[in-house]
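The exercises below are meant to be worked with the sequence and the coordinates side by side. Each one sets a task and then goes through a solution step by step.

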Amino acid sequence: MSMFPGTVAFDEYGRPFIILRDQENQKRLTGIDALKSHIQAARQIAGILRTSLGPRGLDKMMVSSDGEVTVTNDGATILKLMDVEHQIGKLMVQLAQSQDDEIGDGTTGVVVLAGALLEQASNLLDKGIHPIRIADGFEMAAATAVAHLDSISEPFPVNKDTREHLIKVAMTTLGSKVVVKCHRLMAEIAVDAILSVADLEKRDVNFELIKVEGKVGGRMEDSQLVRGVVIDKTMSHPQMPKELKDVKLAILTCPFEPPKPKTKHKLQVGSAEEYRDLRKYEHDKFLEMVRRVKEAGATLAICQWGFDDEANHLLLSEQLPAVRWVGGPEMELIAIATGGRIVPRFEELSPDKLGYCGLVKELTFGTTKDEMLVITECRNSRAVTVMVRGGSRVIVEEAKRSVHDALCIVRALVQDSRVVYGGGSAEVSCSLAVARAADKLSSLDQYAYRAFADALEAVPLALAENSGLSPIDSLSEVKARQAAEGKTYLGIDCMGHGSNDMKALSVIESLHSKRQQICLATQLVKMILKIDDVRSPADQE
């Protein structure tokens, strides 16, 4: 009973009642007030992202507490960098993160859809409909929408021969990003990277084999796909060769240092002779380490740890090029690419544990002498690195995020190769299907169905609004044409091509991404509608 937040008392008739402690220090929202507060917070978050949706969406500038600037229109990144206090606002941040983790794209769309559903739920609450009936109706409407999405999706074979079609899907994803001026190039890089590492028989993509590396300087058009590994390091000594061919790599996690006694005892050196002996011992140990590497047949040592100038000079004099301070993920990638083994001790080094690659060379950028090491022509040619260039750090970071989204959407197509058409066409088609289903219902659920249908229209409305079009006119025209002609691929003409035919314009999206957006948004809205009591400390606004 000591954990109980109050005391039990009895009235004059012996009936028990509970007196809760610290009631004056508690703030409490209940019933419809709690629901309205939650809906208002979520709608504000969705309103922030709404203007970033689509190919004409605007970017947001996020400035951190230490002055670091990020410019992006990626929904998950914006929400991650926002300082959100409200608990329901934090749920919206997690919603965008879930979409980003699962699909990698569609993060803005899922938050806009969740905000629209909550707006419709608010109207239904005002009509006196119980929140549970609304939540259950939304869930059934979502099932109807997902089933309709499956029926209008089209198979999209993914193999080496359909590269051009995959590039069009990647271009749809990149259409709203900062890389739009190198639209085609970035899409080709993303598709080629995925096709290099994908196992098309198992429909699996090992994302760890793809590394996205950015380097400030140069133009975005200089970005390239390197079939190998790029590490932001150079040879440990400036006089070591800048280019090596037919290289055998020793991948070491043990340092080039003399062994230290693993005791707490101190070593006392009492004379110059003893000091010379110690120096000779260290020197001999260094030589032994270098010779072990040489005897194994290695022509390049990749070390996770650093080594001092003496060891560096010794490596140069023994003609063994080396790279130091290589990070753990890079070590693993180099081992996978070259077919080598990571060796933790010099005693375990043997010729069969060496990696092999055809070429290792240093790349120099601009006048600043920035250098990077490229390891290419590897045994396992599946490991690739996307090298992104740009005029500033902000642009390079945003380009890396854009390429990541494109990689994710192509990966989603490898795993589930069905597609739907973009430009809001899929949402309009689902909205019409859910509205038709509502007409067949006689119960109270038809209100929730119609509200869900209206909420789905928030995406094409936002696309039209962000493109400078009349939102109501554009949506009405597309809805009327879809209803009359039965063409589910008619959407909003955001780029002013003069056609609403998304199929002809190759505006293609992954079915898996669209389904996930509807399911995740509905789950979150259902959870929010079920919260009717909030207790928080009084000093928390």
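**Exercise 1.** Find the bridge partner of Val 63 in strand 5, and describe how strand 4 and strand 5 are joined.

*Solution.* In this predicted model, Val 63 has Val 69 as its bridge partner in strand 5. Widening the view to the two strands, strand 4 and strand 5 (residues 69-72) run antiparallel and are joined by four bridges. The two strands form a hairpin with five residues between them, and in the turn Gly 67 has a positive phi of about 85°.

**Exercise 2.** Decide which side chains of strand 4 are buried, and then follow Met 62 to its surroundings.

*Solution.* Begin with the general pattern: in a regular strand the side chains alternate between the two faces of the sheet. Strand 4 (residues 60-63) shows such an alternation, with Lys 60 and Met 62 pointing to one face and buried, whereas Met 61 and Val 63 point to the other face and are not buried. Met 62 has a relative accessibility of 14%, and it therefore counts as buried under the cut-off of 20%. The contacts of Met 62, leaving out residues up to four places away in sequence, are Glu 68, Val 69, Thr 70, Ile 78, Leu 81 and Met 82. One of these contacts can also be described by its separation: Met 62 and Ile 78 are 16 residues apart in sequence, and their C-alpha atoms are 7.3 Å apart in space.

**Exercise 3.** Work out which strands stand at the edges of the sheet with the order 9-18-10, and why one side of each is left without a neighbour.

*Solution.* The sheet is open, has three strands and shows mixed pairing, in the order 9-18-10. Strand 9 (210-216) and strand 10 (224-226) stand at the edges, and each has a single partner strand, so one side of each is left without a neighbour in the sheet. Neighbouring strands here are turned by 25° against each other on average, direction ignored. As for the pairing itself, strand 9 and strand 18 (residues 384-390) pair in the parallel sense over seven bridges, and Val 216 stands opposite Gly 390 in strand 18. The last step adds a helix: helix 7 (residues 183-197) lies across strand 9, strand 10 and strand 18, and runs at about 165° to strand 18.

**Exercise 4.** Identify which residues touch the most other members of the largest nonpolar core, and which helix gives the largest share of this core.

*Solution.* The largest nonpolar core has 87 residues, and Leu 252 and Phe 256 touch the most other members. Helix 7 contributes the largest share of this core, with nine residues. The contacts of Phe 256, again leaving out residues up to four places away in sequence, include Phe 286, Met 289, Cys 303, Phe 307 and Phe 346. A second, separate core has 60 residues, among them Met 62, Val 112, Leu 117 and Ala 521.

**Exercise 5.** Determine how many disulfides are present, and state whether Cys 182 is buried or exposed.

*Solution.* The criterion is a pair of cysteine sulfur atoms within 2.5 Å, and by this rule the count is zero. Cys 182 is in no disulfide, and the nearest cysteine sulfur, that of Cys 408, is 20 Å away. Cys 494 is likewise in no disulfide, with the nearest cysteine sulfur, that of Cys 430, 17 Å away. Cys 182 is buried, with a relative accessible area of 4%, and Cys 494 is also buried, with a relative accessible area of 8%.

**Exercise 6.** Locate Asp 405, and list the residues that it touches.

*Solution.* Asp 405 is found in helix 11 (residues 393-415). Its relative accessibility is 2%, so Asp 405 counts as buried. With residues up to four places away in sequence not counted, Asp 405 touches Asp 74, Asp 100, Gly 104, Asp 105, Thr 173 and Lys 177.

How values were computed: Residues numbered from 1 in each chain as written. Predicted model: local features only at pLDDT ≥ 70, side-chain atom pairs only at ≥ 80, totals over all residues. Heavy atoms only, no water. Pairing = 2+ DSSP bridges. Axes fitted to C-alpha atoms, helices over the stretch in contact; angles between N-to-C directions. Contact = heavy atoms within 4.5 Å. Buried < 20%, exposed > 50% of the residue type's maximum accessible area, 1.4 Å probe, protein only. Core = buried A, V, L, I, M, F, W, Y, C linked by side-chain atoms within 4.5 Å.
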